[in-house]
Every structure is written in C-alpha cells, then in structure tokens.
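Reader: Could you take me through this one, starting with the general picture and then moving to a few side chains?

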Amino acid sequence: MDALSDDDLVARCKTELPYNVTAYRELLRRHEPLVYRSCLKMLGSVQDAEEACQDAFLQVFHKIVEFEGRAAFKTWLYRIVYNRCLEARRKAARRNQYHSKMVEEAEHEELTKNKSSDDEITGKVHEVISRMSGEECRLVTLRYISGLSIQEIADVLDIGLSAAKMRLYRAQERFKEIYNDMDEGKEEFVK
Amino acid sequence: MITEAQFLEQDAKILDIFKEEGIEKSLAASQENNAKAKDLDAEDLRRIERIVERAKFTLVMEHSLSFFFKTIGAGVSGLATAAIGVAKNASPNNKNKKTVHENDNNNCSGK
C-alpha cells in the first residue's frame with residue numbers, strides 16, 4: 001500500500017468502497033493526522049476538531065465516487081476540510097451567542113487545557129494563531145501547518161493565485177504584528 | 001503592491017519560526033505527501049479507526065433506512081390498495097350498479 005500514490009488509492013476506493021475499506025484506511029493513515037492538526041489550529045477545540053475531521057472524511061467516504069480528479073486529491077480534501085471548519089466556526093459562534101457565561105468559561109478552560117496538551121505546536125506560535133481572526137488563522141494554518149503550496153491554497157479557496165498571495169501576505173503581516181507584540185523584549189524577527 | 005521577492009522572504013521567515021517552534025515534523029510529512037503509517041501514534045490510530053467505524057455505521061444506517069422505507073412503502077401501498085378495494089366493494093352504489101348489471105343481463109337474455 002505504501003508504494004501506491006494518492007491517485008491510485010482514490011481509484012481503488014472508487015471500485016472497492018463501501019465494502020472494502022483497505023484503500024480508504026490507507027488514505028486516512030496518510031492524511032488524517034495532519035488534517036486533524038489543521039482542524040485543531042483552525043477551531044481551537046479538540047472536540048470541534050475531531051468532529052470536523054470526522055465529518056470531512058465521512059464526506060470523502062461517501063463522495064469519492066464523484067471525485068473527477070481534475071484537482072489533486074489533497075486539494076479536494078482540504079477544500080472539504082476548510083468548508084467543514086467554516087461550518088464548525090459558525091456553529092460555535094451561534095452556540096456562544098446563546099450560551100451562558102458559565103458555559104463560555106468552561107469552554108475557555110477546555111481550550112486552555114487543550115493548548116497545554118497539544119505537543120505539536122508549542123508556545124508562542126500557538127498563541128499567535130489563537131489570537132488571529134478566522135480567515136487569517138485558516139490561511140496561516142493551511143500554509144504552515146497543512147503545508148499547502150500557494151497554488152493549492154488558491155484552489156482550496158477557489159480564488160486566483162494572486163488573490164491567494166495577497167490574502168496570505170495580509171495574514172503573514174498580521175502574524176508578524178502579533179508575534180512582535182508578544183516578543184517586545186526580544187529581537188524582532190522581521191523588520 | 002507586494003513583490004514576489006518580498007512575499008517569498010516573509011514566507012520563508014515565518015516558515016522558519018514554525019520550524020523553530022517544533023512543527024517541522026508535520027510540515028515534512030505534508031511535503032512528502034505520504035505520512036507513512038509508522039509515524040502514527042496510538043491516538044492517531046484511535047481517531048482513524050473511529051472514522052472507519054463511523055463510515056461503516058452510516059452506511060449500515062443508510063441501507064437499513066432505505067430497506068425500512070421501501071418495505072414500509074410497499075406495505076402501506078398494499079394496504080391502501082386493499083382498503084380502496086374493500087371500500088369500493090362495500091359502497092351501496094356498487095351494490096346498486098351490480099343489481100342494474102344483473103337486471104341488464106337478465107333483460108339481454110330475453111327470458
């Protein structure tokens with residue numbers, strides 16, 4: 001299975017699913033950990049991240065037959081993930097709007113707990129990402145945690161390459177600004 | 001307007017920050033495009049198995065619901081047809097019509 005490319009696995013999934021999940025499981029083993037970490041950074045909550053990640057891969061399970069292969073599988077997958085995270089954010093915003101202060105405090109506690117338990121990104125970078133707005137946070141996550149190229153980000157967001165670059169540049173500027181604010185005592189990394 | 005060089009320079013600097021903070025592992029995995037199974041920890045495997053189980057469960061649920069509604073649909077349709085048939089047979093108009101037909105038949109026989 002290791003020798004097969006993503007495209008080969010997708011082709012096998014199309015013929016074998018839903019009765020044989022071997023190829024699907026291999027796709028999960030290749031992509032799920034990074035997708036989960038990306039969701040975690042975009043959503044900030046373990047529970048929401050797991051749910052969004054599961055939903056995204058369930059959509060892959062049910063819709064892979066319709067995947068035409070015009071874009072790379074990774075781009076298609078991250079488009080689904082990105083939309084799931086947007087949806088989860090909206091849900092969380094609605095939930096926060098109606099919940100009492102006690103629930104908010106509990107969620108904040110959970111978030112703090114998750115931050116300390118997450119060993120992938122530690123310290124300041126995590127703090128900077130959590131302070132960024134939704135769009136900026138998602139762009140930085142796609143670029144530096146999911147490791148997508150600019151072209152792939154453009155495909156995921158369904159925008160042009162130059163527009164993606166411009167949005168990412170703004171997100172980088174914001175990242176830089178927050179990072180430097182937090183690190184006033186130390187040497188600034190970007191002038 | 002930003003230049004390509006400016007963008008790439010800033011991109012590289014931020015990438016360095018992420019690497020310094022310890023995410024080079026995930027970035028390398030994504031660039032390689034094949035995060036091999038040997039890199040997965042128990043928690044990753046647990047989540048993966050949960051997704052597979054959920055996928056199978058949704059499939060079973062879909063099939064069961066589909067079977068259920070098809071069966072129920074066929075049952076309801078059969079019952080409805082039977083009920084309509086019974087109602088038609090039981091209606092007084094139907095009885096009258098039958099009597100008329102019977103009379104017609106009697107008349108046609110010429111007896």
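Author: What follows goes from the make-up of one chain to a helix within it, and then to charged side chains. Please keep in mind throughout that this is a predicted model.

Reader: OK, how many helices and strands are there in chain A?

Author: Chain A has nine helices and zero strands, so that its elements, read from the N terminus, run α-α-α-α-α-α-α-α-α.

Reader: And what share of the residues in chain A is buried?

Author: Of the 191 residues in chain A, 51% are buried. The chain exposes about 9,400 Å², of which carbon and sulfur atoms supply 48%. Among its contacts with a separation of 6 or more, 61% are between residues 24 or more positions apart.

Reader: Let's go to helix 2 of chain A; what is its span from first C-alpha to last?

Author: Helix 2 of chain A, residues 22–43, reaches 30 Å over its 22 residues, which is close to the 32 Å expected at 1.5 Å a residue.

Reader: Where is the kink in that helix?

Author: The kink, of about 45°, lies at His31(A), shortly before the proline Pro33(A). Just after the helix, Gly44(A) takes a positive phi of about 80°.

Reader: And is helix 2 of chain A mostly covered or mostly uncovered?

Author: Helix 2 of chain A is mostly covered, with 19 of its 22 residues buried.

Reader: Which residues does Arg47(B) contact, neighbours in sequence aside?

Author: Leaving out neighbours within four places in sequence, Arg47(B) is in contact with Glu32(A), Pro33(A), Tyr36(A), Arg37(A) and Glu50(A). Pro33(A), then, is both a contact of Arg47(B) and the proline that comes shortly after the kink at His31(A). Arg47(B) itself has its place in helix 3 of chain B, residues 42–90.

Reader: Why does Arg47(B) count as buried?

Author: Its relative accessible area is 4%, and because the cut-off for buried is under 20%, Arg47(B) falls in that class.

Reader: Switching to salt bridges, how many are there over all chains?

Author: A search of the whole structure finds 22 of them.

Reader: What about Arg167(A), which partner does it have?

Author: Arg167(A) forms a salt bridge with Glu135(A), and the closest N and O atoms are 3.3 Å apart. This pair links distant parts of the chain, since Arg167(A) is in helix 9 (residues 161–182) and Glu135(A) is in helix 7 (residues 134–145), 32 residues apart.

Reader: Why are those two called partly exposed?

Author: The class runs from 20% to 50% relative accessible area, and Arg167(A) belongs there because its value is 31%, as does Glu135(A) because its value is 28%.

Reader: And Arg70(A), is it buried or exposed?

Author: Arg70(A) is exposed, and so is Glu68(A). These two residues form a salt bridge, with their closest N and O atoms 2.7 Å apart.

Reader: Now chain B: where do Glu9(B) and Lys13(B) lie?

Author: Both lie in helix 1 of chain B (residues 4–20), four residues apart, which is about one turn of the helix. Their side chains meet in a salt bridge at 3.4 Å, N to O. Glu9(B) counts as partly exposed at 46% relative accessibility, and Lys13(B) is partly exposed too, at 28%.

Reader: Last one: which residues do salt bridges with shared partners join into one network?

Author: The network consists of Glu32(A), Arg37(A), Asp44(B) and Arg47(B). Of these, Glu32(A) and Arg37(A) also appear among the contacts of Arg47(B) given earlier.

Conventions
Residues numbered from 1 in each chain as written. Chains lettered and ligands numbered in written order. Predicted model: local features only at pLDDT ≥ 70, side-chain atom pairs only at ≥ 80, totals over all residues. Heavy atoms only, no water. Helix = DSSP H or I, 4+ residues; strand = E, 2+ residues; numbered from the N terminus. Buried < 20%, exposed > 50% of the residue type's maximum accessible area, 1.4 Å probe, protein only. Contact = heavy atoms within 4.5 Å. Expected span 1.5 Å × (residues − 1). Bend = angle between axes of the 7 residues up to and from the residue. Areas by Shrake-Rupley, 256 points an atom, 1.4 Å probe, with all protein chains shown as cover. Salt bridge = Lys/Arg side-chain N within 4 Å of Asp/Glu carboxyl O.
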